[in-house]
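Reader: I would like a close look at a single part of this model. Please take me through it step by step.

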Amino acid sequence: MDLREELVLFSKLAWDRRLTESTGGNMSVRIGDHIVITPTTMVKHFLTEEDLVEVDLAGNKVRGRREASSEYRMHLKIYRECNEVVSVFHAHPVHATTMAVQQKEFPVNVLPETALMLAPITYLPYKMPGTDDFAEVFSEGLKQGSRTFVLRNHGVTVTGKSIEEAYAKLETLEFLAQITHLSGARPGHLEIPSEEVERFLRKVRGY
């Protein structure tokens, strides 16, 4: 399976799993010095490889019959600053976006898997989607090593070293939001003790 085919597969899966809605959300993959991104205003369930748009790292359209997502600047910002990032998924999952609207922080250490996959989470102030200001607000969190972002009154953005990893982070973040809602957990309440989290991370990462 090539990367374009894989991007279509996981973008459709995100929509089918209700991790985004209607025409919302945008997903991309880096291929060489270009990125391939989902088009603007399209329901992802019906996405095909022919709908994908290819742009260079300056934002110039290289290939595609449609127009790139209006939030392509955010994707470019992340790729420019993080060489290891291969894929970016931005979406509006219901529970995670509800927490973004409520300005609630996620208890990322409530489960070992969420601590491993999602931490550290960066919380970003509202900026108009699709603008340079929106893209620039990611800079500080990226420099601090965050690859999971909660966007106030908007949604979430996650990155991965593969398309599958980016998708998995998105689904895991929404799962964490659901667990948070059902359990009443919050940072410092019902979380695994920090020393136990560190032990787990050292074991998994082999140091």
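Author: A residue counts as buried when its relative accessible area is under 20%. The model is a predicted one. With that cut-off, S69 is buried, because its relative accessible area is 5%. S69 sits in the loop between strand 4 and helix 2, the helix that spans 72–81. Leaving aside neighbours within four places in sequence, the contacts of S69 are N26, I37, T38, P39 and T40. One of these contacts, I37, leads to strand 2, which covers residues 34–37.

Strand 2 pairs with strand 3 in the antiparallel sense, over four bridges. Within this pairing, V36 has E54 of strand 3 as its bridge partner. Strand 3 also runs antiparallel to strand 4 (residues 61–63), and two bridges join them. Here V55 is matched with K61 in strand 4 as its bridge partner. Strands 3 and 4 form a hairpin, with four residues between them. In the turn of this hairpin, G59 has a positive phi of about 95°.

Strand 3 itself spans residues 53–56, and both of its faces are covered. V53 and V55 lie on one side, E54 and D56 on the other, and all four are buried. Two of these residues have already appeared as bridge partners: E54 with V36, and V55 with K61.

To sum up the path, it began at S69, in the loop that follows strand 4 and comes before helix 2. It then went to strand 2 through the contact with I37, and on to strand 3, the antiparallel partner of strand 2. Strand 3 and strand 4 close the account as the two arms of the hairpin.

Terms used: Residues numbered from 1 in each chain as written. Predicted model: local features only at pLDDT ≥ 70, side-chain atom pairs only at ≥ 80, totals over all residues. Heavy atoms only, no water. Buried < 20%, exposed > 50% of the residue type's maximum accessible area, 1.4 Å probe, protein only. Pairing = 2+ DSSP bridges. Contact = heavy atoms within 4.5 Å.
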